[in-house]
Amino acid sequence: MNSNKPECERDAETIRAPRLIIDAVDDHGAQLAELRDGLLSRPARIAPKFFYDEQGCALYGAICALSEYYPTRTEIQIYERCRRPIAAQLPPDGQWIDLGCGDGAKARDWLGPARVRRYIGVDFAADWLKTTLAVTEQQFPGVDCLGVVTDFTRPFHLHPVLNDCPDAPPIFFYPGSSIGNFTPEDALSLLRSIRSHLDGDGRLLIGVDLVKDTATVEAAYDDALGVTAAFNRNVLRVANRLLDADFEPHRFDHRAFFNATESRIEMHLAASQGHDVRIGEHRRRFEAGETIVTEYSYKYTPERFCALLAEAGYGNMHYWTDERGWFGVFVAEAGGD
Ligand code: AVJ
């Protein structure tokens, strides 16, 4: 019997089945209401999380392979080139918290170099999570794997889960510049929420897309093949399915531009002519040129991102970038409070 040992010290054989903790799963009704209310408000908006149905995920995969879309490959290149110095800033024998883990591929590259003891995938898609845990467990039989289904974009508390292994310091991993989808104000609360789990050896490892020349960043969101345009329009199919609406994607044009004042890429869908759309029991007119905001993707300078980290209560920041300075990887710890 080893059941009174912490989970992470039990024999590997006894923890074969992927363990999932269902925390706060957003109820479907609330999601639908959010989508509908956004489409009925003026200006209309759709949150970027609605992009990622099966087809949306496939299109995002295609975006990452585009020559214009630099963030994914630039971040991976930084990790590949700087794996050792980055790992040297992370405590060994820690718990790796993979926020929005998706397929978990980026995190798995760290489990060996960072000598991770426990892997905790966090995502709101339970199906993804099961597969990711199974793959990770198989590849790393010595690492205790656990999944938490929760919406970490709202204040979250993983303290009880982390306390299973009180002497394994947490490393929060938030790659992919997903932080860019938050307004700076919301980014601050997410960073604070992560910070509330850190003390001593705990760390945050985060990837952030940086400010650069406008032509480069605009091309990344308006590629020549029109893949990003398809990704953007696909959200209307998602709305049709979820809300029983009758958007015709071809009646909307993809727009993507850098708003320098706000330091963000804005993606919109602009009605090419005036027309009416049914949205469930509602009807809404879109005038010619009227837009639906579908995504903001904020770009930071290293200084501004470090300032945001400091404001969220972090200290001792380390930063790595590529030779063009296009993407930033930051490690931070809890600052003196
Ligand atoms: C997944 C939020 C990092 O903002 O670059 C890519 C999503 N949108 N092309 C980004 C996206 C259009 C992407 N993030």
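Q: Is Asn 316 buried, partly exposed or exposed?
A: The model is predicted, and its values are computed from it. Asn 316 has a relative accessible area of 46%. Buried needs under 20%, and exposed needs over 50%. The value of 46% lies in between, so Asn 316 counts as partly exposed.

Q: Which strand holds Asn 316, and what is its phi?
A: Asn 316 has its place in strand β13, residues 314–321. Its phi is positive, in a residue other than glycine. The value is near 45°.

Q: Where is Ser 263, and which elements flank its loop?
A: Ser 263 also has a positive phi, near 55°, and is not a glycine. At 8% relative accessibility, Ser 263 counts as buried. Its place is in the loop between β8 (252–259) and β9 (264–271).

Q: Which residues does the cis peptide bond join?
A: Omega of this bond is about -5°. Its proline has its place in the loop between α1 (28–40) and β2 (44–45). The joined residues are Arg 42 and Pro 43.

Q: How many residues of α9 are buried?
A: Helix α9 covers residues 227–243, which makes 17 residues. The buried ones include Val 227, Phe 231, Leu 236 and Leu 243. The helix is mostly covered, and its buried count is 12.

Q: How far apart are the end C-alpha atoms of α9?
A: Helix α9 has 17 residues. The expected span uses one less than that number, times 1.5 Å. This gives 24 Å, and the distance in the model agrees with it: 25 Å.

Q: Which residue follows α9?
A: The helix runs over residues 227–243. The residue that follows has a positive phi, near 55°. That residue is Asp 244.

Q: Is Asp 127 buried or exposed?
A: Asp 127 has its place in helix α5, residues 126–139. Its C-alpha is 9.8 Å from that of Val 149, although the two are 22 residues apart in sequence. Its relative accessible area is 60%. Over 50% counts as exposed, so Asp 127 is exposed.

Q: How many disulfides does a search of the whole structure find?
A: A disulfide needs two cysteine sulfur atoms within 2.5 Å. The search of the whole structure finds zero.

Q: Which cysteine sulfur is nearest to that of Cys 57?
A: Cys 57 is partly exposed, with a relative accessible area of 27%. Cys 57 is in no disulfide. The nearest cysteine sulfur is 11 Å away, in Cys 64.

Q: Why does Cys 101 form no bond with the closest cysteine sulfur?
A: Cys 101 counts as buried, at 8% relative accessibility. The closest cysteine sulfur is in Cys 145. A disulfide needs 2.5 Å or less, so the sulfurs are too far apart at 11 Å.

Q: Which polar side-chain atom lies 2.7 Å from an oxygen atom of the ligand?
A: Tyr 69 has a polar side-chain atom 2.5 Å from a ligand oxygen. Tyr 221 has an N or O side-chain atom 2.5 Å from a ligand oxygen. The contact at 2.7 Å comes from Ser 297.

Q: What share of the ligand's accessible area does the protein cover?
A: On its own, the ligand has 350 Å² of accessible area. The protein covers 95%.

Q: How many charged residues are in the shell around the ligand?
A: The surrounding residues include Tyr 52, Gly 176, Met 267 and Glu 295. By class, seven are nonpolar and four are polar. The charged count is one.

Definitions and conventions:
Residues are numbered from 1 along each chain as its sequence is written. This is a predicted model: local features need pLDDT of at least 70, side-chain atom pairs count only at pLDDT 80 or more; totals for chains, interfaces and linings use all residues. Side-chain values use heavy atoms; hydrogens and water are left out. A residue is near a molecule or strand if one of its heavy atoms lies within 4 Å of it. A polar contact is a pair of N or O atoms within 3.5 Å; within protein, one must be able to donate a hydrogen and the other to accept it, and residues adjacent in sequence count only if both atoms are side-chain atoms. Accessible areas come from the Shrake-Rupley method with a 1.4 Å probe; for residues, only the protein chains shown count as cover. Ala, Val, Leu, Ile, Met, Phe, Trp, Tyr, Cys and Pro count as nonpolar, Asp, Glu, Lys and Arg as charged, and the others, Gly among them, as polar. Buried means under 20% relative accessible area, exposed over 50%, partly exposed in between (1.4 Å probe, protein chains only). Helices (H or I, at least four residues) and strands (E, at least two) are DSSP runs, numbered from the N terminus.
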